[in-house]
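Here's a quick briefing to read with the model open in your viewer. Grab a coffee and click along.

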Amino acid sequence: VRVVDQAYLIERAMEFIEGLKQHQLYQQFDAWADKTSTEILTWAHPELDLAARPESVRNAPLASFQAMFAFVVLYAIIVFVGMVLYKKPKASSGGKRVTPSWDVVLDSFKKEPVKIFQAIYNVVQIVLCGWMVVAAIKGAL
């Protein structure tokens, strides 16, 4: 078993990223993203002084428009590939959507216990997302 030095991997990753940043396509994207993010922030908050933002905010990891846009594109690609690969199950109910009874749901939990965690996770996500929306609306008002 070969042990890989973590510092070595980080150094190689940083060299790869720096090399990527030298590529013309990346530089064009970076220029477009800088211009677009400035336009969006100026439109959304005209009084905001972009130059006065602290260095820690400007250089925070994954806080740039470039990173956000890259993740949105990556997510869209994952969803698209998932849709292409997904095989629709055969409709046993004549094409109509049927809500399962609690017995079916509980039986499913017994067969696959991981579904219990999925259900809990989904409820937590709904509550947290609702809270974030309420907090964002309060912050905007």
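What follows is a short tour of a helix crossing, some ring pairs and some salt bridges. Keep in mind that this is a predicted model. Two totals to start with: the structure holds six aromatic pairs, and a search of the whole of it turns up five salt bridges.

**How α2 meets α4**

- Helix α2 covers residues 24–44 and helix α4 covers residues 65–85; their axes come within 9 Å and cross at roughly 105°.
- With angles of 65 to 115 degrees counting as roughly perpendicular, that crossing makes α2 roughly perpendicular to α4.
- On the α2 side, the contact is made by Phe 29, Asp 30, Trp 32, Ala 33, Asp 34, Thr 36, Ser 37 and Ile 40.
- On the α4 side, Phe 65, Gln 66 and Phe 69 do the job.
- Sorted by class, this contact of α2 with α4 has six nonpolar, three polar and two charged residues.

**Aromatic rings**

- For ring pairs, the two numbers to look at are the distance of the centres and the angle of the planes.
- Take Phe 29 and Trp 32: their rings sit 6.0 Å centre to centre with 35° between the planes, and the pair is tilted.
- Phe 29 and Trp 32 are three residues apart in helix α2, so about one helical turn separates them.
- Phe 29 is partly exposed, at a relative accessible area of 25%, and Trp 32 is partly exposed too, at 39%.
- Phe 29 also pairs with Phe 69: the ring centres are 6.1 Å apart and the planes are at 35°, so this pair is tilted.
- Because Phe 29 lies in helix α2 and Phe 69 in helix α4, their pair ties together parts that are 40 residues apart in sequence.
- Phe 69 is partly exposed as well, with a relative accessible area of 30%.
- Zooming out, ring pairs link Tyr 26, Phe 29, Trp 32, Phe 65 and Phe 69 into a cluster.
- Phe 29, Trp 32, Phe 65 and Phe 69 turn up in the α2 and α4 contact as well, so if you're browsing the cluster, you're browsing part of that helix crossing.

**Salt bridges**

- Glu 11 forms a salt bridge with Arg 12, and the closest N and O atoms are 3.3 Å apart.
- Glu 11 counts as partly exposed at 42% relative accessibility, and so does Arg 12 at 33%.
- Over in helix α5 (residues 102–111), Asp 107 and Lys 111 lie four residues apart, about one turn of the helix.
- Asp 107 and Lys 111 form a salt bridge, with 3.6 Å between the closest N and O atoms.
- Is each end of that bridge buried or exposed? Asp 107 is partly exposed, with a relative accessible area of 36%, while Lys 111 is exposed at 64%.
- Lys 111 gets the exposed label because its 64% is over the 50% cut-off.
- Glu 112 forms a salt bridge with Lys 115, the closest N and O atoms being 3.4 Å apart.
- Glu 112 is partly exposed with a relative accessible area of 41%, and Lys 115 is partly exposed with 28%.
- Finally, salt bridges that share partners join Glu 11, Arg 12 and Glu 15 into one network.

Conventions: Residues numbered from 1 in each chain as written. Predicted model: local features only at pLDDT ≥ 70, side-chain atom pairs only at ≥ 80, totals over all residues. Heavy atoms only, no water. Axes fitted to C-alpha atoms, helices over the stretch in contact; angles between N-to-C directions. Helix = DSSP H or I, 4+ residues; strand = E, 2+ residues; numbered from the N terminus. Parallel < 35°, antiparallel > 145°, perpendicular 65-115°, else oblique. Contact = heavy atoms within 4.5 Å. Nonpolar A, V, L, I, M, F, W, Y, C, P; charged D, E, K, R; others polar. Phe/Tyr/Trp six-rings, centres within 6.5 Å; stacked < 30°, edge-to-face > 60°. Buried < 20%, exposed > 50% of the residue type's maximum accessible area, 1.4 Å probe, protein only. Salt bridge = Lys/Arg side-chain N within 4 Å of Asp/Glu carboxyl O.
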